[in-house]
Amino acid sequence: LDGTHPHWGTFRLEFDDELTDPIRHDATAADVQQALTALSNIGDVTVTRTAYGRNTDGAIDHGYVWDVLFDSTTHPTTYGDLPLLVPVVDNAFLEYDTAGRQRPPTVTATTLEDGFAGNNRTGGTDLSAIQVSLVHQSLNDREIGHFEVQLLTCDATAGSYEVHFDNDGEDLVAVIDAADTAAAIETTINAALSDAIACSSAVGDCVA
């Protein structure tokens with residue numbers, strides 16, 4: 001909501017062909033949140049409000065910004081790239097003083113961050129199968145590092161096998177028994193890697 005002090009009146013918001021009840025020009029975050037969640041096609045939302053601009057008395061009162069986060073996890077869920085909230089100007093009751101050359105108040109809606117739909121998951125039982133890649137928002141050539149996960153599969157019931165690691169041309173070998181537990185395999189691989197890498201506790205650097 002933007003305009004010249006003083007503000008008064010109400011406005012409405014439309015979401016996917018449904019209209020909210022009238023919302024006061026100075027509505028609190030809770031007021032806007034209640035108006036939106038009352039619609040049958042919106043689940044839970046989280047709303048925050050920021051005031052900006054100062055009137056002749058020095059009070060912040062020239063306009064408000066409401067940030068609406070569509071974060072519903074219950075029906076109706078609102079995931080993905082959603083329709084933009086539409087201020088209904090022709091049904092708004094935002095009044096102003098033309099004789100005092102007051103600028104007409106306006107209500108606009110913009111998308112701050114696009115949503116995206118994920119999979120319909122229950123109970124988080126598939127967390128181990130999820131992989132996330134993070135990219136720096138301002139430096140396009142930078143990616144956020146993350147640990148790699150590799151899967152070892154052995155269907156033998158006896159004997160052993162070797163796992164080789166290339167350490168700048170040096171072949172590191174871990175000998176793993178076919179019947180080893182996960183903890184034993186972890187210990188064997190870590191031992192093979194630590195044999196060729198020395199860490200300096202003073203500076204925290206590891207060198208071959």
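Biologist: Which helix does Ala29 lie in?
Modeller: Bear in mind that this is a predicted model, where local features need pLDDT of at least 70, side-chain atom pairs count only at pLDDT 80 or more, and totals for chains, interfaces and linings use all residues. Residues are numbered from 1 along each chain as its sequence is written, and side-chain values use heavy atoms, with hydrogens and water left out. Helices are DSSP runs of H or I (at least four residues) and strands are runs of E (at least two), numbered from the N terminus. On that basis Ala29 lies in α1.

Biologist: How far apart in space are Ala29 and Thr50?
Modeller: First, who Ala29 touches: Val47, Thr48, Arg49 and Trp66, leaving out residues up to four places away in sequence; contact is heavy atoms within 4.5 Å. Ala29 and Thr50 sit 21 residues apart in sequence, and their C-alpha to C-alpha distance is 8.9 Å.

Biologist: Do the buried residues of α1 line one face or not, and what arc do they fall within?
Modeller: Buried means under 20% relative accessible area, exposed over 50%, and partly exposed in between (1.4 Å probe, protein chains only). In α1, residues 29-37, that makes Ala29, Val32, Ala35 and Leu36 buried. An α-helix has 3.6 residues a turn, so residues three or four places apart point the same way. Taking directions from the helix axis to the C-beta atoms, the buried residues of α1 line one face, because they fall within an arc of 130 degrees.

Biologist: Which exposed residues sit on the face of α1 turned away from its buried side?
Modeller: Look at the side of α1 facing away from its buried residues. The exposed residues carried there are Ala30 and Gln34.

Biologist: Which element gives the largest share of the largest nonpolar core?
Modeller: A nonpolar core is a set of buried Ala, Val, Leu, Ile, Met, Phe, Trp, Tyr and Cys residues joined through side-chain atoms within 4.5 Å. The largest one has 17 residues, and Ile23, Val32, Leu36 and Trp66 touch the most other members. Elements giving two or more residues to this core are β2, α1, β5 (45-54) and β6 (60-70). The largest share, four residues, comes from α1.

Biologist: What is the strand order in the open sheet of three strands?
Modeller: Two strands pair if DSSP finds at least two bridges between them. Strand β2 (residues 13-15) and β7 pair in the antiparallel sense over two bridges, with Leu13 opposite Pro87 in β7. The open sheet has antiparallel pairing, in the order β3-β2-β7. In that sheet, the edge strands, each pairing on one side only, are β3 (18-19) and β7 (86-87).

Biologist: What value is phi of Asp17 near?
Modeller: Asp17 is in the loop between β2 and β3, and so is Asp16. Asp16 has a positive phi near 50 degrees, in a residue other than glycine, and it is partly exposed at 49% relative accessibility. Asp17 is exposed, at 68% relative accessible area. Its phi is positive too, again in a residue other than glycine, and is near 75 degrees.

Biologist: How far apart are the closest N and O atoms in the salt bridge of Arg24 with Asp26?
Modeller: A salt bridge is a side-chain nitrogen of Lys or Arg within 4 Å of a carboxyl oxygen of Asp or Glu, and the count comes to one. Arg24 is partly exposed, with a relative accessible area of 47%, and Asp26 is partly exposed at 24%. The closest N and O atoms of Arg24 and Asp26 are apart by 2.9 Å.
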